[in-house]
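Visitor: I've got a structure open and would like a quick tour of how it packs. Can you walk me through it?

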Amino acid sequence: RFIAVTNIPPPPPSRRLITLAVQNSALAIVMHYSRVSTPPERAYSAGTAVLMNEILKGGISLVFAFVNAGAGAPVIGSSASSLLGSTPMLGSASSPMLGSSSEKGVMGGVVRRVRKLAREVFSPDCWKLSIPAILYVIQNNLQYVAASNLDAATFQVSYQMKILTTAGFSVLLLKKKLLSTQWIALLFLAIGVGVVQIQSGCNSNSSSPGGHEGAGGGDHTTLHATKGFLAVAAACFTSGLAGVYFEMVLKNTPGDLWVRNVQLSLFSLVPCVAPILLSSARNPNPNLNAGVGVGAGLFAHFGVWAWATVAIQVFGGLVTAMVIKYSDNILKGFATSLSIVMSFMASVYLFEMRISFPFVLGSAIVLNATWLYNQQPRRIGLGGLGMGGG
Ligand code: C5P
């Protein structure tokens, strides 16, 4: 069985794979830098960043959905898919192929599209997106806690545990069956992350966790490795559950991907805004309010690195959605494991991260486990690593 499995060649590298890998590592690095490069009293609000992410992603998805609502799949499908290397299949089957020639006047066409879009966005099954939406908001907030307390490379390696949770939820919710080699791979994944964690944990509550991070990179913040790992563990849980749930909704119900994204963003607004308003009411956080009212306080210290983090996350969300919909899922795992190497090399260069033996050993185990997990025959339809976006 093992021989048969390893004979299956891995999927060829694609633009989508590279795009996601670069996005993953860029996010880990830029998010980490954006959090540790200023003293805590001048930190920007992670809640605002998550809210901006959802508003921008929802807005972009709305534009795509609007175009698809009138012009049919190929308009957005061809451009977005060519960028990301996927097949141009966007647009729901129900999308009427309204060409401009068939529309009576520009306004009539716009109104028809808006009506159609509104019907799709507020369809009776839209509430299904509320669960992944809430989970993703929690996850995106937890990512900031993790990136604030772990160096970029350790964060990336630990975050691989989401493969484990994704597999678990896929077995539980989607009734997927895993090969014995995949269970072994998952065990090694846990061991690898454990090795990285032990050596970082030994040096927790220091500004140089795991002996990784030197004075370079302009760090001003004390890192708390235990807090960071707990945040990663929780983020892995939500990543797995949200990803699998989103996959279930996407693949079991008809509907345009961009409409689903709009629904996801809409349901995210409540959990995004609620903590901001609550915290603003209590006013415990000078970073958030800065004594200048909610509006201005929201963007206190929200500088170029905060916006860069948001932009990378918005882009990542859109790519992830496409990967969940169109990928054979295996690609996402490869992208994520590639990003470990990228973040590692970038951390050495940018943050003067010192290479320690446990870190290299743990990372090597994680990478090998990732590779082993993906050695599977596609014909029996097993989901790959990162299935469902986890
Ligand atoms: O780490 P993981 O792959 O689970 O992260 C998925 C990310 O993609 C989350 O930040 C989530 O908000 C985003 N996402 C999205 N739209 C989707 C699915 C995921 O923005 N349809």
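Guide: Sure, and one term up front: a residue is buried when its relative accessible area is under 20%. Keep in mind that this is a predicted model.

Visitor: With that cut-off, what percentage of the 390 residues of the protein count as buried?
Guide: The test is a relative accessible area under 20%. Applied to the 390 residues of the protein, the buried share comes to 56%.

Visitor: How many helices and strands does the secondary structure come to?
Guide: The strand count is 0. What the secondary structure does have is helices, and they number 16.

Visitor: And what share of the contacts with a separation of 6 or more is between residues 24 or more positions apart?
Guide: Take the contacts in the protein with a separation of 6 or more as the pool. Residues 24 or more positions apart account for 82%.

Visitor: Which way does α8 lie against α10: parallel, perpendicular or oblique?
Guide: Helix α8 covers residues 162-173 and helix α10 residues 225-252, with their axes 8 Å apart. They pack at an angle of about 45°. That makes the arrangement of α8 to α10 oblique.

Visitor: Is the crossing of α8 and α10 left-handed or right-handed, and which residues of α8 make the contact?
Guide: The crossing of α8 and α10 is right-handed. On the α10 side, the contact includes Cys-236, Phe-237, Gly-240 and Met-248. By class, the contact has 7 nonpolar, 5 polar and 1 charged residues. From α8 come Lys-162, Thr-165, Thr-166, Phe-169, Ser-170 and Leu-173.

Visitor: How far apart are the end C-alpha atoms of residues 228-246?
Guide: Residues 228-246 are one of the spans that an unreviewed UniProt entry annotates as "transmembrane region". That stretch is 100% helix and 0% strand. Its end C-alpha atoms are apart by 26 Å.

Visitor: What about the end C-alpha atoms of residues 258-278?
Guide: The UniProt record also lists 258-278 among its "transmembrane region" spans. Here too the chain is 100% helix and 0% strand, and the end C-alpha atoms lie apart by 31 Å.

Visitor: At what angle do α6 and α14 pack, and which residues of α14 does α6 meet?
Guide: Helix α6 (residues 130-149) and helix α14 (residues 304-326) have axes 14 Å apart and pack at about 135°. That makes α6 oblique to α14, and the crossing is right-handed. Tyr-136, Asn-140, Gln-143 and Tyr-144 of α6 meet three partners in α14: Thr-309, Gln-313 and Ile-324.

Visitor: How do the residues of that contact of α6 with α14 divide by class?
Guide: None of the residues in the contact of α6 with α14 is charged. The rest divide into 3 nonpolar and 4 polar.

Note on methods
Residues numbered from 1 in each chain as written. Predicted model: local features only at pLDDT ≥ 70, side-chain atom pairs only at ≥ 80, totals over all residues. Heavy atoms only, no water. Axes fitted to C-alpha atoms, helices over the stretch in contact; angles between N-to-C directions. Helix = DSSP H or I, 4+ residues; strand = E, 2+ residues; numbered from the N terminus. Parallel < 35°, antiparallel > 145°, perpendicular 65-115°, else oblique. Left-handed = near helix turned anticlockwise from the far one by under 90°. Contact = heavy atoms within 4.5 Å. Nonpolar A, V, L, I, M, F, W, Y, C, P; charged D, E, K, R; others polar. UniProt positions renumbered as here; feature names shortened; annotations may be inferred. Buried < 20%, exposed > 50% of the residue type's maximum accessible area, 1.4 Å probe, protein only.
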